[in-house]
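Here is a set of short questions and answers for a first look. Each answer sets a value against a cut-off and draws the conclusion.

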Amino acid sequence: MKIVPENRPATYPSVTVNLPHLRKNIPILRELCESRGIQITAVTKVFEADPMIARVLVEGGLTRLGDSRVDNLERLAEFNVEKWLIRPPMISEAAKLVKYGDASLNSELAVIEAIEKECEKQGRRHKIILMADLGDIREGYVDYDELIEVAKKVASMPHVDLYGLGVNLTCFSFVQYDTEKLTQLAELAKRVEAATGVKLQVISGGNSATVDLMLRGGIPEGVNNLRLGESVLFGKERARYTFLPGTYNDVFTIHAEIVELKEKPSLPWGDIGVDSYGRTPTFVDRGPKRLKAICALGRQDFDAETTTPCDPGMIILGASSDHLMLDITDAEKTYRVGDCIDLRLGYFSTMRAFTSAYVRREYILEE
Ligand SMILES: *Cc1c(COP(=O)(O)O)cnc(C)c1O
């Protein structure tokens with residue numbers, strides 16, 4: 001196993017990225033999608049578009065990368081692939097978007113006009129994907145006639161290209177993808193093509209929550225793209241949260257050092273108030289004498305709800321900003337203060353780990 005540490009002293013917490021396992025997920029996802037006429041835009045936002053990781057996606061033959069932040073697109077500058085901004089752009093970042101991005105998901109004419117102006121200024125072109133809101137009430141046009149009017153305006157702009165249509169569901173209201181909704185998108189695309197005379201290149205039918213529908217053969221003709229983060233990185237589709245056969249879900253592991261190890265009761269004592277969110281905490285009574293570990297890792301660095309200890313005998317009791325409380329009474333190994341505990345990171349936890357300045361990164365290059 002070859003590990004490359006980041007160029008700073010070995011400190012904890014640290015996250016290890018298993019690049020060989022990520023490398024193996026890519027052909028599986030590509031085969032599942034491409035055999036059904038779907039091209040992948042690989043989403044990099046969860047790992048802050050770290051080039052060490054993005055390189056694996058590019059080497060795996062993925063030719064489109066998407067991120068929700070322009071700063072992250074800038075990190076991908078060295079890769080000669082098509083880069084999408086997958087959050088509606090800020091007018092104030094139009095210049096940087098045009099410089100580092102090739103395409104973006106849009107739902108406001110004023111923003112598109114700012115992009116058009118910037119393209120003219122920089123002598124560059126930019127591809128516009130218009131978003132339709134099909135029920136999740138996040139981004140996109142709910143008035144489809146308005147979308148068509150905007151599409152006509154975009155088609156007439158000299159420096160941007162009308163590239164396609166997109167939809168995003170299951171991110172705010174958790175409205176699910178179905179054939180009916182995606183058929184609506186495909187039909188809207190035909191109306192846009194008829195109204196503008198432009199052949200749309202991309203009909204982007206969603207995220208990792210569309211994968212389950214795809215596997216059931218439910219994506220209609222015309223939809224030809226998915227923007228995938230979680231399914232590529234964690235091998236997980238997001239409608240029923242099942243792992244895709246043959247994929248790895250252990251690409252991201254965090255290591256946290258034990259700073260206190262004591263036998264303590266499982267129940268607190270004293271008057272219990274509310275937590276920082278106004279909720280009253282509850283506790284499970286596992287007995288008066290449990291071996292409790294505190295790790296130097298907190299909510300700034302990870303998300304307890306989407307993290308699983310690698311040792312199946314450990315229980316995550318909870319976390320505050322800077323402390324992780326574990327019950328390790330039934331752990332498989334014996335631990336001492338100063339030892340490290342490994343935890344597998346899920347989606348949000350990975351996102352926190354990569355945006356925390358306190359978490360060092362290292363990469364497994366080869367198995
Ligand atoms: C984050 C995001 C995605 C990727 O979602 P996954 O569930 O990780 O596949 C796709 N599209 C948009 C607009 C997003 O914000």
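Q: How do you know that the span of helix 1 agrees with its number of residues?
A: This is a predicted model, and the check is simple. Helix 1 covers residues 19-34, which is 16 residues. At 1.5 Å a residue, the span should be 22 Å. The expected span takes one less than the number of residues, times 1.5 Å. The end C-alpha atoms are 23 Å apart, so the two values agree.

Q: Which residues of helix 1 are called buried?
A: They are Leu-19, Pro-20, His-21, Leu-22, Asn-25, Ile-26, Leu-29, Leu-32 and Cys-33. The word stands for a relative accessible area under 20%.

Q: What makes the pair Asn-18 and His-21 a polar contact at the start of helix 1?
A: A side-chain oxygen of Asn-18 comes within 3.1 Å of the backbone nitrogen of His-21. The cut-off is 3.5 Å, so a pair within 3.1 Å meets the distance limit.

Q: Why is Thr-170 called buried?
A: Its relative accessible area is 1%. Buried means under 20%, so Thr-170 qualifies. Thr-170 sits in the loop between strand 8 (160-167) and helix 7 (179-196). Its phi is positive, about 55 degrees, although Thr-170 is not a glycine. Most residues other than glycine have a negative phi.

Q: Why is Phe-174 called partly exposed?
A: Its relative accessible area is 47%. Partly exposed lies between 20% and 50%, so Phe-174 fits that class. Phe-174 is also in the loop between strand 8 and helix 7. Phi of Phe-174 is positive too, near 60 degrees.

Q: What makes the peptide bond from Tyr-12 to Pro-13 cis?
A: Its omega is near 0 degrees. Pro-13 lies in the loop between strand 1 (2-5) and strand 2 (14-18). Most peptide bonds are trans.

Q: How do you know that strand 3 and strand 10 pair?
A: Four bridges join strand 3 (residues 39-43) and strand 10, in the parallel sense. At least two bridges are needed, so the strands count as paired. Ala-42 has Leu-228 of strand 10 as its bridge partner.

Q: What makes the side chains of Lys-45, Arg-238 and Tyr-347 polar contacts of the ligand?
A: An oxygen atom of the ligand is 2.8 Å from an N or O atom in the side chain of Lys-45. For Arg-238 the distance is 2.8 Å. For Tyr-347 it is 3.4 Å. The limit is 3.5 Å, so each pair counts. The protein covers 96% of the 390 Å² of accessible area that the ligand has on its own.

Conventions
Residues numbered from 1 in each chain as written. Predicted model: local features only at pLDDT ≥ 70, side-chain atom pairs only at ≥ 80, totals over all residues. Heavy atoms only, no water. Polar contact = N/O pair within 3.5 Å; in protein donor to acceptor, adjacent residues only side chain to side chain. Areas by Shrake-Rupley, 256 points an atom, 1.4 Å probe, with all protein chains shown as cover. Buried < 20%, exposed > 50% of the residue type's maximum accessible area, 1.4 Å probe, protein only.
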